[in-house]
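I opened this structure to see how the chain is put together. These are my notes, in the order I looked things up.

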Amino acid sequence: MSSAHSPAPARREAVVTGVGLAVPGLTLPDELLGTVREGGFDPRTGLLGRDLRHKDRASRLALRTAAPALRDAGLLGEDGSAGYTGNGDATAVVVSSNFGILDSVCSFADIIARDTVLGLAPMGLPQTSSNVIAGSVAMAHGLRGPSVTLCNGPTSGLDALYWARALLVAGRAETALVVGVEPDGEAVAKLLGAAAVDGAVALVVETAEHAAARGARVRATLSGCARGADLTAAVTAARAGGPGRTDGAEAPGPAVDLWLTDRPAGEESAPEDPPPVRAAAVLDPTASLGLCSGALGLLQAAAAVAHFDTHATHTALATCGGPEDDAVAAVFLSGPARTA
């Protein structure tokens, strides 16, 4: 038996090829950076239609953002009549939503308390499952790959990107539709003490090889995803490419061009310590959108993609979570013209 070893397979890269928004008042991702346009998505009219009948609000929002993301990636006909043109068997759906089914669950609990289980409508029971959002999107477009829903608190949106990237790198899928959605509703407002964003965002993520094979336009590369006990630990691991890949990386390291966060720079550092992230620009999407919860990380990523459309050599960092949470998540994204 020969002792020679075959070379290790090249590490798969995960790239973003499409973005879609269904956020009140917004039309395109660059509006997350401050671009102003007239009109924009209106939930009062945008969530109507026969295709949305008997669906919960979170699923309707997710469906309204999935289609433009797939179309932006070149995987759906202009009018949607051609259907999904990718390989449905190799396309995963990953959804992040912390409060997506809260209104449905509370409504059913009220019905049971008033009328017992005899008052429940069978058509509405699927709306009490946390995976109903991913299921609705998958069935609408014929996506039969892995289906994952995360309800993981403040880090949920970036965690969804982490798991989408993991599915691609592990060869479980060649494309992933990643959706972050948080609906507004009476139960959500009562729990949070404020209205949620009442919107959704979707990213199409695929392996670099698959994107190249079909001639897709690469908008960004997911160059590192990680969770850590604090911001410094998360950024250190993400800069190295993810858990288990230290490569001698140290935080804070070189400055990033854009830091997308929901916290002021340096908030988690002691006064005598340097901030764990040095950035040329800092952007907090919650300043204009309000509470985003499970949609936040994906809104940050969408803003980074819009930034790369005009700054293709830049690097962006998205972070969610803080000292009061169970962890901090960090994701590095690189522009399409960024070189190592």
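**Cores.** I began with the largest nonpolar core, which has 47 residues in this predicted model. Leu161, Val178, Leu203, Val205 and Leu299 have the most contacts inside that core. I then asked which element gives the most to this core. Helix 10, residues 296-308, does, with 9 residues. I also found a second, separate core of 31 residues. Leu47, Leu61, Val181 and Val204 are included in the second core.

I picked Val205 for a closer look. Leaving out residues up to four places away in sequence, Val205 touches Ala14, Val15 and Val16, among others. Its list also includes Leu161, Leu168, Thr175, Ala176, Val178 and Leu222.

**Thr175.** Thr175 turned up in the list for Val205, so I followed the contact back; Thr175 is buried, with a relative accessible area of 2%. Its place is in strand 4. What does Thr175 touch, not counting residues up to four places away in sequence? I noted Leu75, Tyr84, Ala90, Thr91 and Ala92 among them. Leu168, Val204, Val205, Glu206 and His210 are on the list of Thr175 too.

**The sheet.** Next I traced the strands. I counted 10 helices and 10 strands in the protein chain. The 10 strands form an open sheet, and its pairing is mixed. I wrote down the order as 3-2-4-5-1-6-10-9-7-8. Which strands are at the edges? They are strand 3 and strand 8 (282-283), and each pairs on one side only. As a reminder to myself, strands of a sheet pair through backbone hydrogen bonds, either parallel or antiparallel.

**Strand 5.** I stopped at strand 5, residues 199-207. How many of its 9 residues are buried? The count is 9 of 9. I checked both pairings of strand 5 that my notes cover. Strand 1 (residues 14-22) pairs with strand 5 in the antiparallel sense, over 8 bridges. On that side, Val19 has Leu203 as its bridge partner, and Gly18 stands opposite Val204. Strand 4 is also joined to strand 5 by 8 bridges, and these two strands run antiparallel. There, Gly180 has Val201 as its bridge partner.

**Helix 4.** I moved on to helix 4, residues 132-141. The helix is mostly covered, with 7 of its 10 residues buried. Those buried residues are Val132, Ile133, Ala134, Ser136, Val137, Ala138 and His141. What do they pack against? I found helix 2 (57-72), strand 2 (91-96), strand 3 (147-150) and strand 4 (175-182). Just after the helix, Gly142 takes a positive phi of about 70°.

**Positive phi elsewhere.** I kept looking at phi. Most residues other than glycine have a negative phi. Asp198 is not a glycine, yet has a positive phi of about 55°. Asp198 lies in the loop between helix 6 (186-192) and strand 5. Is Asp198 buried or exposed? Asp198 counts as buried because its relative accessible area is 10%, and the cut-off is under 20%.

Ser293 is another entry here, with a positive phi near 45°. I located Ser293 in the loop between helix 9 (286-289) and helix 10. Its relative accessible area is 22%, so Ser293 is partly exposed.

**A pocket.** Ser293 led me to the second largest pocket, as one of its lining residues. I noted a volume of about 230 Å³ for this pocket. Asn98, Phe99, Gly153, Pro154, Leu192 and Asp262 are among the other lining residues. Thr286, Gly290, Leu291, Cys292 and Leu296 also belong to the lining. By class, I listed 6 nonpolar, 5 polar and 1 charged residues.

**Whole chain.** Last, I looked at the totals. The protein chain has 340 residues, and 49% of them count as buried. I also checked contacts between residues at least 6 apart in sequence. Of these, 69% join residues at least 24 apart.

How values were computed: Residues numbered from 1 in each chain as written. Predicted model: local features only at pLDDT ≥ 70, side-chain atom pairs only at ≥ 80, totals over all residues. Heavy atoms only, no water. 1 Å grid on protein atoms, 1.4 Å probe; cavity = no way out; pocket = protein on both sides within 12 Å on 5 of 7 lines; lining within 4 Å. Points joined across faces, edges and corners; volume = space filled by probe spheres on them. Nonpolar A, V, L, I, M, F, W, Y, C, P; charged D, E, K, R; others polar. Core = buried A, V, L, I, M, F, W, Y, C linked by side-chain atoms within 4.5 Å. Buried < 20%, exposed > 50% of the residue type's maximum accessible area, 1.4 Å probe, protein only. Helix = DSSP H or I, 4+ residues; strand = E, 2+ residues; numbered from the N terminus. Contact = heavy atoms within 4.5 Å. Pairing = 2+ DSSP bridges.
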